[in-house]
Amino acid sequence: MDSDQLHTFLKVAEFQNMTRAAEKIGLSQPALSRAIARLEEELGQPLFDRQARKVVLTDAGKVLQSRAVQLIAMLDDLKAEIRDDGQTGRLRIAAIPTIAPYFLPDLLRTFSKEFPKACVHVREDVTTSILKACKQGEIDVAILAMPVREKYLEVMELFEEELLLVMPAQHPLAKQKTITEKEIDAYPFILLQEAHCLSDNVLSYCSQRSVYPVSIERTSQLATIQELVSLNHGISMVPEMARRIDQSPDRVYRSLTGSKPSRTIVAVWNPYRYQSRILKSFLEVLQKFAKTRKTGKSSL
């Protein structure tokens, strides 16, 4: 039994499908099936119940699954600790789509100037997938928006960010100096798909104020929302960091009066995994970089 066999086994257990697992890890299905068969032969027990459209863990498979996760984590941590010189090594960072393109580029440039030998891998995904990967040790640190409901993860608050109202340049509200939350209730909204936590932030803010905007379209990218706004499909709320890099004259941004919609940006990591010196250095750089966001102001 080796770590490659355990990785293969865990992928099959995750997808419950030999074909999908083989595609994910870059093996042919026959090669993957042989690897599982050899593992079962070595252990003397079937690990999967082969059904028509899926494979399901047997009792022996469930025992191996829990132990395999622990064994792989121990091996990964051991390798990281032995190789840890504080300057080199791999750093796996993840961020949600409403943060990654607006926050990571400047952050990574700042970090690479101080630690040019570090190898940084970036993953962009939705919150649920990132938190799962963080718990399993597939990433070292994630940059997300609250709430984070997963247990056994360390959460460090970075800064609070305002959500700005965005509308077409010729929109009636664009002429007003002040806009209240009640005034936006009459206009159609464009939101991100439900997998994105930003939609929860927007809808939670609105419902707390008895405002129920009609969502006419949902997309998977903030950039698409901005373009649809330009085409007069509706209005929306986007993070201030997205407004900072928007140079289009076809859209205008406004800050709502009174209690403003916002989200809290946090860093998340698994405290039960080995914390390399390069990771600790990255977290320090991240904290310093985040302070510029706390004090930075957007010109509307």
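In describing the lining of a pocket, Ala, Val, Leu, Ile, Met, Phe, Trp, Tyr, Cys and Pro are counted as nonpolar, Asp, Glu, Lys and Arg as charged, and the others, Gly among them, as polar. The structure analysed here is a predicted model, and the largest pocket in this model is lined by 12 nonpolar, nine polar and 11 charged residues.

The overall architecture is considered next. The protein contains 10 helices and 11 strands. Its C-alpha atoms fill a box of roughly 75 × 50 × 30 Å along the principal axes. Of its 300 residues, 46% count as buried. Among the contacts between residues at least 6 apart in sequence, 76% join residues that are at least 24 apart.

Two pockets were examined. Rolling a probe the size of a water molecule over the atoms shows where empty space is left. The largest pocket has a volume of about 930 Å³. Its lining consists of 32 residues, and those nearest its centre are Lys11, Glu14, Gln136, Gly137 and Glu138. Several elements supply at least two lining residues each, namely helix H1 (3–15), helix H2 (18–25), helix H4 (59–83), strands S3 and S4, and helix H6.

The second largest pocket holds about 470 Å³ of space. It is lined by 24 residues, of which Asp76, Ala80, Arg90, Arg92 and Asp140 lie nearest its centre. At least two lining residues come from each of H4, S3 and helix H10 (277–295). Helix H4 gives the most to this lining, with five residues. By class, the lining of the second largest pocket comprises eight nonpolar, six polar and 10 charged residues. Helix H4 and strand S3 thus appear in the lining of the largest pocket and also in that of the second largest pocket.

Helix H6, which contributes to the largest pocket, was examined for its buried residues. In this helix, which spans residues 127–135, Thr127, Ile130, Leu131, Ala133 and Cys134 are buried. These residues cover an arc of only 165 degrees around the axis, and they therefore lie on the same side of H6. The elements that cover them include strand S3 (90–95), strand S4 (119–124), strand S5 (141–145), helix H7 (197–208) and strand S11 (262–269). Helix H6 is followed by Gly137, which has a positive phi near 80 degrees. Gly137 is also one of the residues nearest the centre of the largest pocket.

Charged side chains were then analysed for pairing. A search of the whole structure finds 12 salt bridges. One of them joins the side chains of Glu14 and Lys11, with an N to O distance of 3.3 Å. Glu14 and Lys11 are three residues apart in helix H1, so about one helical turn separates them. Glu14 counts as partly exposed because its relative accessibility is 36%, whereas Lys11, at 18%, counts as buried. Lys11 and Glu14 are further linked with Lys132 in a network of salt bridges. Both Lys11 and Glu14 are among the residues nearest the centre of the largest pocket.

A second salt bridge is formed by Glu161 and Arg263, whose closest N and O atoms are 2.8 Å apart. Glu161 lies in strand S6 (residues 154–168) and Arg263 in strand S11, so the pair ties together parts that are 102 residues apart in sequence. Both Glu161 and Arg263 are buried. In another salt bridge, the side chains of Asp246 and Arg251 meet at an N to O distance of 2.8 Å. Asp246 is buried, with a relative accessible area of 10%, and Arg251 counts as buried at 8% relative accessibility.

Finally, the backbone was inspected for particular features. The peptide bond from Met146 to Pro147 is cis, with omega near 5 degrees. Pro147 is located in the loop between S5 and S6. Tyr152 likewise has its place in the loop between S5 and S6. Although Tyr152 is not a glycine, its phi is positive, at about 65 degrees. With a relative accessibility of 57%, Tyr152 counts as exposed. A positive phi, of about 55 degrees, is also found for Gln16, which is not a glycine either. Gln16 is placed in the loop between H1 and H2, and its relative accessibility of 34% makes it partly exposed.

How values were computed. Residues are numbered from 1 along each chain as its sequence is written. This is a predicted model: local features need pLDDT of at least 70, side-chain atom pairs count only at pLDDT 80 or more; totals for chains, interfaces and linings use all residues. Side-chain values use heavy atoms; hydrogens and water are left out. Buried means under 20% relative accessible area, exposed over 50%, partly exposed in between (1.4 Å probe, protein chains only). Helices (H or I, at least four residues) and strands (E, at least two) are DSSP runs, numbered from the N terminus. The arc is that of the directions from the helix axis to the C-beta atoms. Contact means heavy atoms within 4.5 Å. On a 1 Å grid over the protein atoms alone, a cavity is a set of points where a 1.4 Å probe fits but cannot get out, and a pocket is an open set with protein on both sides within 12 Å along at least five of seven lines; lining residues have an atom within 4 Å of a point. Grid points are joined across faces, edges and corners, and a volume is the space filled by probe spheres set on the points. A salt bridge is a side-chain nitrogen of Lys or Arg within 4 Å of a carboxyl oxygen of Asp or Glu.
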